[in-house]
Amino acid sequence: MFYCAYELNIPNLEDLKKEIQEYTNKFDWKGDWPPCQNYKDIGSNVLKFYEMFNHCFMNTVRIIKSPAKTNWLPHIEIDHGGKFDKFKGEIDNSQQINAVINIMVINSIEDETRFYFDRNLNKLYHPTKEPFSSEYSRYGIKKDLKLIDKFNVNKNPVLINTGTWHAIKNNSPRVGLSFFVHPWISFEAVVDFCRDNNILIER
């Protein structure tokens, strides 16, 4: 079985969540593009979280504030560049982010992330304008998506494979932060690191 998501057992999680909650309260996201900020601006618990992972994360964190019943179509995490460059030039345009850790401050109710392979093995490209439809849900490529894993998020931080096609259906509001692992670090390497440090919750 190919797993694309794992819960993590992070020490002092409640203190970290409280800090994230206080920080995200400052932002009111009403558009379709979530705001991103520098991790150094958040607080001491986030700094400790970065130290725990040997600073493998990008400097930018994404603020998650989306209402209930929000569906995110299949996509792969990349740096979009231009006016949507959330990483402020830290990596090249269109570089793929293989792993993200999401920490939510509102416990989810059967929120599900689904992971896919594209059986057509399309080359991925990133056009300036993306046609959105059921066939061309991202990056202008007609895909034949095969479900390879699905995961229901609850209260724990979640390590997810963002380097493969994934879609999100949230029944409850989502509030929290996304921590982006540097693109030269694989999802599998982070899984192994978490396992070696006894913070991976096996499935």
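This is a short tutorial dialogue on reading the fold, a helix pair, the nonpolar cores and two backbone outliers in a predicted model.

Me: Where should I begin with the overall layout, and how many helices and strands does the chain have?

Reply: Begin with the inventory of elements and then with their order; in this predicted model the secondary structure comes to 3 helices and 11 strands, and from the N terminus on the elements run β-α-β-α-β-β-β-β-β-β-β-β-α-β. Of the contacts with a separation of 6 or more, 81% are accounted for by residues 24 or more positions apart, while buried residues make up 52% of the 203 residues in the chain.

Me: How do I read the packing of α1 and α2, and at what angle do they pack?

Reply: Take the angle together with the distance between the axes: α1 (residues 13-24) and α2 (residues 44-52) pack at about 125 degrees, with their axes 8 Å apart. Since angles from 65 to 115 degrees count as roughly perpendicular and those over 145 as roughly antiparallel, α1 is therefore oblique to α2. The crossing in which α1 passes α2 is left-handed.

Me: Which residues of α1 and α2 meet there?

Reply: From α1 come Asp15, Leu16, Glu19 and Ile20, and they meet Ser44, Asn45, Val46 and Phe49 of α2; by character, the residues of this contact divide into 4 nonpolar, 2 polar and 2 charged.

Me: Which residues touch the most other members of the largest nonpolar core?

Reply: In a core it helps to look for the members with the most partners, and here, among 33 residues, these are Phe49, Phe53, Phe57 and Phe179. Several elements each supply at least two residues of this core, namely β1 (5-8), α1, α2, β3 (57-66), β5 (99-104), β10 (174-181) and α3 (187-196). Phe53, taken as an example, touches Leu8, Ile10, Ile101, Phe193, Cys194 and Ile199, leaving aside residues up to four places away in sequence. A second, separate core has 14 residues, including Phe87, Ile91, Ile97 and Ile160.

Me: Why does a positive phi draw attention in a residue that is not glycine?

Reply: It draws attention because most residues other than glycine have a negative phi. Here Asn54, in the loop between α2 and β3, has a phi near 55 degrees, and Leu121, in the loop between β6 (111-118) and β7 (145-153), has a positive phi of about 50 degrees.

Me: Are Asn54 and Leu121 buried or exposed?

Reply: With exposure set at over 50% relative accessible area, Asn54 counts as exposed at 57% relative accessibility, and Leu121 is exposed with a relative accessible area of 74%.

Terms used:
Residues numbered from 1 in each chain as written. Predicted model: local features only at pLDDT ≥ 70, side-chain atom pairs only at ≥ 80, totals over all residues. Heavy atoms only, no water. Axes fitted to C-alpha atoms, helices over the stretch in contact; angles between N-to-C directions. Helix = DSSP H or I, 4+ residues; strand = E, 2+ residues; numbered from the N terminus. Parallel < 35°, antiparallel > 145°, perpendicular 65-115°, else oblique. Left-handed = near helix turned anticlockwise from the far one by under 90°. Contact = heavy atoms within 4.5 Å. Nonpolar A, V, L, I, M, F, W, Y, C, P; charged D, E, K, R; others polar. Core = buried A, V, L, I, M, F, W, Y, C linked by side-chain atoms within 4.5 Å. Buried < 20%, exposed > 50% of the residue type's maximum accessible area, 1.4 Å probe, protein only.
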